[in-house]
Amino acid sequence: AELGHVTDYDFSFEGPFGTYDQNQLQRGLKVYTEICSACHGLKFVPIRTLGDGGGPGFSPEQVRAYASQIEVFDPELGEQGDFRDAAPTDNFPANNAVGAPDLSLMAKARAGFHGPANLGINQIVKGMGGAEYIASLLTGYTGEEMEQAGTVLYENEAFPGRWISMAPVLGDDYVEFDDGAPSDMESAAKDVAAFLMWTAEPKLAARKQMGLTAVIMLAVLSVLLYLTNKRIWAPVK
Ligand code: HEM
């Protein structure tokens with residue numbers, strides 16, 4: 001099969017008016033918490049942002065409840081530091097156990113679309129494709145494996161190097177969603193990819209709104225300047 005194959009999934013946050021789907025972010029957080037966090041960290045993401053507008057939209061109680069489920073390392077505890085329950089003011093923990101990369105900014109660190117001829121022109125139409133890449137990676141395993149220098153590598157159609165050291169971690173119904181949304185492998189992959197897009201770009205909705213406001217203001221200004229210009233030069237013409 002084709003190398004570096006990324007499916008152009010539809011996401012709610014695409015386009016000039018796109019915003020995150022709050023329920024999808026909550027499902028994605030669940031996938032992250034139950035599966036990905038075993039190996040990956042989200043060390044740049046403050047837990048309290050789960051309550052921010054435009055994000056998963058947790059209530060203060062939900063944020064506190066979520067924080068109390070996870071443990072963070074506190075270097076100020078005891079002689080050499082110790083683990084304690086997280087508070088909303090903490091960031092999600094880092095995780096260096098198996099050398100898996102931190103996922104905070106992964107959706108912006110990877111692109112899904114590089115063509116044609118690696119010029120990236122598709123990105124103008126399709127977007128950068130970081131979330132599409134993550135969803136495609138999670139669903140892209142062929143089932144082939146090999147061992148190289150003592151490491152097991154898994155064949156993956158989305159991974160640019162084809163052989164990745166991350167085992168397949170998602171399957172149908174691995175996670176049960178509270179909102180009754182489908183939990184097949186592809187749906188769960190899209191949900192966690194959307195969640196990781198949010199961690200990488202939490203202000204997306206505000207940014208798009210500001211952009212739209214600016215465009216409208218500049219359009220109005222253009223009309224005013226045009227009319228002003230006509231007025232000023234009217235006696236000369
Ligand atoms: C790499 C996502 C679960 C171990 C990666 C990468 C992503 C990712 C996006 C980067 C691939 C690249 O470099 O382009 C996820 C997600 C997970 C998940 C969304 C949950 C659904 C896990 C688990 C483990 C793991 C549970 C450990 C058992 C690794 C390792 C790498 C990696 C070791 C480095 C792979 C390499 O560069 O060969 N993961 N992962 N991941 N992940 Fe995961």
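Student: How many residues surround the ligand?

Tutor: This is a predicted model, and in it the ligand has a shell of protein around it. The closest members of that shell are C36, C39, H40, Y133 and M166. The full count of residues surrounding the ligand is 18.

Student: How do the residues of that shell divide by class?

Tutor: Each residue in the shell is put down as nonpolar, polar or charged. One residue is charged and two are polar. The nonpolar residues number 15.

Student: Which helix gives the most to the shell around the ligand?

Tutor: The helix in question covers residues 130-139. Its contribution is three residues. The helix is α5.

Student: How far is a polar side-chain atom of Y133 from an oxygen atom of the ligand?

Tutor: Polar contacts are pairs of N or O atoms within 3.5 Å. H40 has such a pair, with a polar side-chain atom 2.8 Å from a nitrogen atom of the ligand. For Y133 the partner is an oxygen atom of the ligand, and the distance is 2.5 Å.

Student: Which residue has a polar backbone atom 2.9 Å from an oxygen atom of the ligand?

Tutor: Here the protein's part of the pair belongs to the backbone. On the ligand's part, the atom is an oxygen. The residue is S165.

Student: What is the volume of the largest pocket?

Tutor: The largest pocket is the space taken by the ligand. Its lining consists of 23 residues, and those nearest its centre are H40, A100, P101, I164 and M166. The volume is about 550 Å³.

Student: Which element gives the largest share of the lining of the largest pocket?

Tutor: Two elements give two or more residues to this lining, α5 and α6 (185-200). By class, the lining has 19 nonpolar, three polar and one charged residues. The largest share is four residues, and the element giving them is α5.

Student: How many charged residues are in the lining of the second largest pocket?

Tutor: The second largest pocket has a volume of about 370 Å³. It is lined by 18 residues, with F13, G127, M128, G129 and M197 closest to its centre. Elements giving two or more residues to this lining are α3 (106-109), α5 and α7 (204-233). The lining divides into six nonpolar and four polar residues, and the charged ones number eight.

Student: Which residue in the turn between β3 and β4 has a positive phi?

Tutor: Strand β3 (residues 141-148) pairs with strand β4 (residues 151-156) in the antiparallel sense, over five bridges. Within this pairing, M146 stands opposite L153 in β4. The two strands form a hairpin with two residues between them, and the turn residue with a phi of about 50° is A149.

Student: How many residues lie between β4 and β5 in their hairpin?

Tutor: β4 also pairs with strand β5 (residues 163-164), in the antiparallel sense and over two bridges. E155 stands opposite W163 in β5. In the turn, R162 has a positive phi of about 65°. The number of residues between the two strands is six.

Methods:
Residues numbered from 1 in each chain as written. Predicted model: local features only at pLDDT ≥ 70, side-chain atom pairs only at ≥ 80, totals over all residues. Heavy atoms only, no water. Near = heavy atom within 4 Å. Polar contact = N/O pair within 3.5 Å; in protein donor to acceptor, adjacent residues only side chain to side chain. 1 Å grid on protein atoms, 1.4 Å probe; cavity = no way out; pocket = protein on both sides within 12 Å on 5 of 7 lines; lining within 4 Å. Sits in = over half its atoms within 2 Å of the grid points. Nonpolar A, V, L, I, M, F, W, Y, C, P; charged D, E, K, R; others polar. Pairing = 2+ DSSP bridges. Points joined across faces, edges and corners; volume = space filled by probe spheres on them.
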